[in-house]
Amino acid sequence: MITLSDGLHNFIDGLAIGASFTASVFQGISTSVAILCEEFPHELGDFVILLNAGMSIQQALFFNFLSACCCYLGMGFGILAGNSFSPNWIFALAGGMFLYIALADMVKDAGGSSFLLTFAIQNAGLLTGFAIMLLLTTYSGQIQLG
């Protein structure tokens, strides 16, 4: 299950990378670096989970590599789709899938006696993220670095 879900996650990462490169080389490199920074600890965690599930080191490395290869498939589809129509549609799809994954994990963990507190903290974090993204989108043309 870990390998399958990680493969889907990596495929969506690849879609975003491929679509970014069709928009511009700078955007493609930026997206690739961001995904690399996210994927390194993620893949390390998956590797440890596979080891704790009873796999040997070689088996865990193989299944981790197999799921990582899905990124290349996604990148190919992202480049093809990004050239056929607007990459923004792919970004919306990838962003929606990532939000779904994050929210499903949050809701799954929100059980127990302190449900209301957990619910309030999670929604405060979500609303803060939405507010930050709204501010960045609204004022992106006015941001100057240096």
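User: Hi! Is Phe62 buried or exposed?
Analyst: Somewhere in between. In this predicted model, Phe62 has a relative accessible area of 47%, so it counts as partly exposed, since exposed would need over 50%.

User: And what about Phe63, buried or exposed?
Analyst: Phe63 is also partly exposed, because its relative accessibility of 29% falls between the 20% and 50% limits.

User: How many aromatic pairs are there?
Analyst: The count is two. One of them joins Phe62 and Phe63. Their ring centres are 5.4 Å apart, with 75 degrees between the planes, so the pair is edge-to-face, the label for angles over 60.

User: Which residues does Phe63 sit with where helix 1 meets helix 3?
Analyst: On the helix 3 side, Phe63 is listed with Asn64, Ser67 and Ala68. Facing them from helix 1 are Thr3, Asp6, Gly7 and Asn10. By type, that contact has five polar residues, two nonpolar and one charged.

User: What angle do those two helices make?
Analyst: About 35 degrees, with the axes of helix 1 (residues 2–23) and helix 3 (residues 57–68) 8 Å apart.

User: New topic: which residues does UniProt list as transmembrane region?
Analyst: An unreviewed UniProt entry gives residues 61–80, 86–103 and 115–136. In the model, residues 61–80 are 95% helix, with end C-alpha atoms 30 Å apart. Residues 115–136 are 100% helix, and there the ends lie 32 Å apart.

User: Where is confidence lowest?
Analyst: In helix 5 (residues 87–109), with a mean pLDDT of 73, while helix 3 is highest at 92. The protein averages 83, and 91% of residues score at least 70.

Notes
Residues are numbered from 1 along each chain as its sequence is written. This is a predicted model: local features need pLDDT of at least 70, side-chain atom pairs count only at pLDDT 80 or more; totals for chains, interfaces and linings use all residues. Side-chain values use heavy atoms; hydrogens and water are left out. Axes are lines fitted to C-alpha atoms, for helices over the stretch in contact, and angles run from 0 to 180 degrees between N-to-C directions. Helices (H or I, at least four residues) and strands (E, at least two) are DSSP runs, numbered from the N terminus. Contact means heavy atoms within 4.5 Å. Ala, Val, Leu, Ile, Met, Phe, Trp, Tyr, Cys and Pro count as nonpolar, Asp, Glu, Lys and Arg as charged, and the others, Gly among them, as polar. UniProt positions are given in the numbering used here, feature names are shortened, and annotations may be inferred rather than shown by experiment. pLDDT is the predictor's confidence in each residue, from 0 to 100. Rings of Phe, Tyr and Trp (its six-membered ring) pair if their centres lie within 6.5 Å; planes under 30 degrees apart count as stacked, over 60 as edge-to-face and the rest as tilted. Buried means under 20% relative accessible area, exposed over 50%, partly exposed in between (1.4 Å probe, protein chains only).
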